[in-house]
Amino acid sequence: VVLGCNNYEVIDLGVMVSAEKILDTAISEKVDIVGLSGLITPSLDEMVHVAREMERRHFVTPLLIGGATTSKLHTAVKVAPRYSSATVHVLDASRAVGVVSTLLGEGRDAFASKVHSEYDRLRAQNEARAADRTILPIEVARSRAPVLAFDEVDTPPFLGTRAYDDVPLTRIEPFIDWTPFFQTWELRGRYPQILDEPRAKELFDDARKLLDEIIEKRLLKARAVYAFWPANRVGDDIELYRDDTRRERIATIHTLRQQQETQSKLNFALADFVAPKGTRDYIGGFAVTAGIGVDELVAEFQKDHDDYNSIMTKALADRLAEALAEMLHKEARTHWYAHDESLPYEELIAENYRGIRPAPGYPACPDHTEKRTLFDLLGAESLGIHLTETFAMMPAAAVSGFYFAHPEARYFAVGKIGEDQAADYARRKELSLSEVERWLAPNL
């Protein structure tokens with residue numbers, strides 16, 4: 001949109017597009033620049049593949065890299081070495097016009113040379129850090145697991161799933177965290193203080209106006225499902241059972257353990273927050289969407305060439321999905337173990353409550369493939385949420401994850417892991433090592 005508003009013709013091929021289609025289109029349309037954007041971790045590997053293919057097919061077209069999961073370091077270390085022509089990471093949309101105009105102008109060669117030198121320096125720094133990084137043997141890391149008590153375990157209000165086909169948006173709205181909304185528009189600051197900035201106030205007023213219309217006319221539909229299961233830790237995995245007899249295992253959640261040296265001398269895995277076999281315990285899971293109807297509403301705006309409200313619709317749907325996840329987590333907590341919880345909005349948004357809801361693909365649970373197990377357990381696809389072949393959720397305005405109730409449960413980043421844990425993880429998941437390495441590439 002930003003490039004289009006600056007008189008550039010942009011050919012948008014959409015999402016989940018093959019490298020072959022991207023490059024064939026680049027040739028047939030005689031494009032000046034190829035741009036790739038990544039929302040989830042598997043996109044990073046696909047970008048490397050596209051860069052390799054551009055080199056193999058003797059492209060000289062500049063390659064732009066951007067999107068939520070990308071970074072200048074990743075571009076320098078993983079993508080740029082695979083393509084000998086200009087490869088540039090673009091931090092956000094506001095920088096795109098400047099980068100593109102430079103790459104298409106007389107200063108192209110000097111700019112490309114400057115970026116190339118910067119990326120060489122970043123790679124050297126990264127290699128130096130890697131040399132200093134201590135990766136513990138997995139058995140040593142496991143010996144450093146936190147020792148937690150499971151003396152008092154609360155029983156969930158039900159076992160199995162509970163689904164909501166049409167959650168009123170009026171119920172969800174009070175749980176919206178507006179701060180990330182402004183970040184979507186590249187405005188930095190916390191809500192509500194950011195409203196002191198005139199541009200933010202104008203944007204917020206427009207968002208409220210559209211949100212009121214969406215709610216009044218029921219233009220979007222929100223759906224949710226959550227569940228509780230008897231669970232026990234077995235090594236670094238979590239076994240889930242059909243009922244409290246714990247005789248029938250219905251699934252296994254695989255978790256990864258921190259292997260880098262830590263200041264606390266503790267190395268966490270999500271399995272640590274679940275009681276071992278022989279002790280009663282439970283975990284939960286959820287999937288929500290506020291994206292039912294988004295494509296239709298966006299199409300209406302685009303038909304009128306209204307890019308502003310098209311983007312606004314997607315941003316609001318994302319905020320509603322996150323708000324629904326927060327609302328559902330509160331319902332789960334208060335019905336399960338925090339019956340008297342009464343937190344003001346600020347404390348709720350700051351997650352100052354007991355328990356966590358980590359999601360597959362995020363730092364504590366970086367393996368996106370665990371989403372498949374979660375979706376099968378929840379029957380989430382009956383809500384209209386589907387997983388792509390790279391385990392992205394469609395519609396994009398969707399959130400899923402697990403519920404952990406232990407009072408000491410906390411978020412953490414698994415970080416870099418060793419070859420020994422990767423091989424052990426492959427064995428536990430009954431996958432080839434190459435397949436596991438593909439999904440965990442950023443952690444290796």
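Buried, in these notes, means under 20% relative accessible area. I'm working from a predicted model, so that goes at the top of the page.

**Strand β6**

I began with β6, residues 237–241. Which way do its side chains point? D237, E239 and Y241 go one way from the strand, I238 and L240 go the other, and all are buried. With 5 of the 5 residues buried, I put β6 down as largely enclosed by the rest of the structure.

Next I looked up its partners. Strand β5, residues 221–234, runs antiparallel to β6 and is joined to it by 4 bridges. On the other pairing, 5 bridges link β6 to β7 (residues 249–254), again antiparallel. I used L240 as my marker: A231 stands opposite L240, and L240 also stands opposite A251 in β7.

I checked the turn as well. β5 and β6 make a hairpin with 2 residues between them, and G235 in that turn has a positive phi of about 65°.

**Cores**

Then I went to the nonpolar interior. In soluble globular proteins, nonpolar side chains tend to be buried together. Here the largest nonpolar core has 100 residues, and F182 and F404 have the most contacts inside it. Which helix gives the most to this core? I found helix α12 (residues 307–336), with 13 residues.

I listed what F404 touches, leaving out residues up to four places away in sequence. The list includes I238, L270, F273, V274, I283 and Y337. G355, I356, P358 and A409 are also among the contacts of F404. I238 rang a bell, being one of the two β6 residues that point away from the D237 side.

There is a second, separate core of 17 residues; I22, L23, A51 and I65 are among its members.

**Surface**

Last, the outside. I noted a nonpolar patch of about 290 Å² made by V15, M16 and M394. M394 is in strand β10, residues 393–394. Is M394 buried or exposed? Neither quite: its relative accessibility is 35%, so I logged M394 as partly exposed.

I also looked at K21, which is in helix α2, residues 19–28. K21 has a relative accessible area of 44%, so I logged this lysine as partly exposed too. How far is K21 from H116? They are 95 residues apart in sequence, and I get 27 Å from C-alpha to C-alpha.

Definitions and conventions
Residues are numbered from 1 along each chain as its sequence is written. This is a predicted model: local features need pLDDT of at least 70, side-chain atom pairs count only at pLDDT 80 or more; totals for chains, interfaces and linings use all residues. Side-chain values use heavy atoms; hydrogens and water are left out. Patches are made of residues with over 30% relative accessible area and no salt bridge: like charges are joined within 9 Å, nonpolar side chains (Val, Leu, Ile, Met, Phe, Trp, Tyr) within 5 Å. Accessible areas come from the Shrake-Rupley method with a 1.4 Å probe; for residues, only the protein chains shown count as cover. A salt bridge is a side-chain nitrogen of Lys or Arg within 4 Å of a carboxyl oxygen of Asp or Glu. Buried means under 20% relative accessible area, exposed over 50%, partly exposed in between (1.4 Å probe, protein chains only). A nonpolar core is a set of buried Ala, Val, Leu, Ile, Met, Phe, Trp, Tyr and Cys residues joined through side-chain atoms within 4.5 Å. Contact means heavy atoms within 4.5 Å. Two strands pair if DSSP finds at least two bridges between them.
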